[in-house]
Amino acid sequence: MKVAIVGASGAVGQEFLRVLDERNFPMDELVLFGSERSAGRKYTFRSKELEVQLLRHGDDFKDVDIAFTSAGAGVSKEFAEDITRYGAVMIDNSSAFRMDPDVPLVVPECNAEDALVRPRGIIANPNCTTIMMVVVLMPLERLSHIERIHIASYQSASGAGAAAMQELQDQYKALAEGQEPTVKKFAYQLAYNVIPQIDVFTDNGYTKEEMKMFNETRKIMHTDARCSAMCVRISSLRSHSEAVWIETQKPISPDEAREALRKAPGVTVVDDPAHQQYPMPLFTAGKDDIYVGRIREDLANPNGLTFWLSGDQIKKGAALNAVQIAEYLVSRHPLR
């Protein structure tokens, strides 16, 4: 088994290294690729030093079985043919192929089997906020069909990459020292602030991030549910949170929801308001599961349920989900 990581020096690329090691993913060789800026950097993996190779057109992926790509949609589109030409499975973390009808969009807890049919040799990793939400929605969908979803996301700096995380830390430091903070990664200063915009606006007044949640949820869950989202950037460093309201065909009681979620893979229920126990980014960062709490009836809808969830955007929202896809493929079929 030969595995490649494209975009190895980025926040998600580094998380790939950690997750592959943590989960003891079966491989004989790991190769790293990056841009001209990152080529030549060295990282240690399983006591072995690996050097990032320059990503270029050619035959570098000839013997690769699985390639994890997280270098942006433009790079994924440009190099997809090079990566898949000789049979490698490309598990792509960008938005490049998510809505392509010939590319499965996969969250293993929800639709792992979709990964087995991949005409282009590509499997898409969904948007992080979508991944987190559908992991929690799927067990509830099995109780009663979800017809409508309303969500407000509270997304940390990590969603914009390692440079954004560093900028947030630098802003807090500058402000504490009475200096003017540098603003580059976001439209406004993020420290001590929330910004009600993630990605660019579309013609309908929703951002691309919000429309991803609408479209990707339907594709992953094979559902006609309609999802209305408000995605907000907040000044936490890592791990996203979401407030979710759902309307189902038949009412689901909070106790029924808790029981289903406790049994669900990839979900941890932390729901004890009397003792102020509920999920928060402070505690979910670095964890594998999506944590859910504040489960209660929606007072505005007799068929409604509302809850709060939190999970690590870089881990389950990106690298871990991709590695779990690869684990599923390895467990089911030879890759070549």
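Which residue of β14 does Arg-296 stand opposite? The notes below start there and work outwards; please keep in mind that this is a predicted model.

1. Arg-296 stands opposite Thr-306 in β14. If you want to find this spot on screen, look for strand β13 (residues 290–297) and strand β14 (residues 304–311), which run antiparallel and are joined by 5 bridges. A hairpin of 6 residues links β13 to β14.

2. On to another neighbour of β13. Strand β12 (residues 267–269) runs parallel to β13, and 3 bridges join these two strands. For a landmark here, use Val-267, which stands opposite Ile-290 in β13.

3. Now for another partner of β14. Strand β11 (residues 240–248) is antiparallel to β14, with 8 bridges joining the two. Glu-242 stands opposite Leu-309 in β14, which makes a handy pair of residues to display when you trace this part of the sheet.

4. Here is the sheet as a whole. It is open and has 6 strands, in the order β10-β9-β11-β14-β13-β12. Its pairing is mixed: β12 and β13 run parallel, while β13 and β14 run antiparallel. The edge strands are β10 (226–233) and β12, each of which pairs on one side only. From one strand to the next, the twist averages 25°. As a general reminder, strands of a sheet pair through backbone hydrogen bonds, in either a parallel or an antiparallel way.

5. A helix also belongs in this picture. Helix α6 (residues 208–221) lies across three strands of the sheet, namely β9 (146–155), β10 and β11. Relative to β10, α6 runs at about 145°.

6. Finally, a helix pair to look at. The axes of helix α4 (residues 128–141) and helix α7 (residues 254–263) come within 9 Å of each other and cross at roughly 120°. Angles over 145 degrees would count as roughly antiparallel and those from 65 to 115 as roughly perpendicular, so α4 and α7 are oblique to each other. Their crossing is right-handed. On the α4 side the contact is made by Val-136, Pro-139 and Leu-140, and on the α7 side by Ala-257, Ala-260 and Leu-261. What classes of residue make up this contact of α4 with α7? There are 6 nonpolar residues, no polar ones and no charged ones.

Notes. Residues are numbered from 1 along each chain as its sequence is written. This is a predicted model: local features need pLDDT of at least 70, side-chain atom pairs count only at pLDDT 80 or more; totals for chains, interfaces and linings use all residues. Side-chain values use heavy atoms; hydrogens and water are left out. Axes are lines fitted to C-alpha atoms, for helices over the stretch in contact, and angles run from 0 to 180 degrees between N-to-C directions. Helices (H or I, at least four residues) and strands (E, at least two) are DSSP runs, numbered from the N terminus. Angles under 35 degrees count as roughly parallel, over 145 as roughly antiparallel, 65 to 115 as roughly perpendicular and the rest as oblique. A crossing is left-handed if the near helix is turned anticlockwise from the far one by less than a right angle, and right-handed if clockwise. Contact means heavy atoms within 4.5 Å. Ala, Val, Leu, Ile, Met, Phe, Trp, Tyr, Cys and Pro count as nonpolar, Asp, Glu, Lys and Arg as charged, and the others, Gly among them, as polar. Two strands pair if DSSP finds at least two bridges between them.
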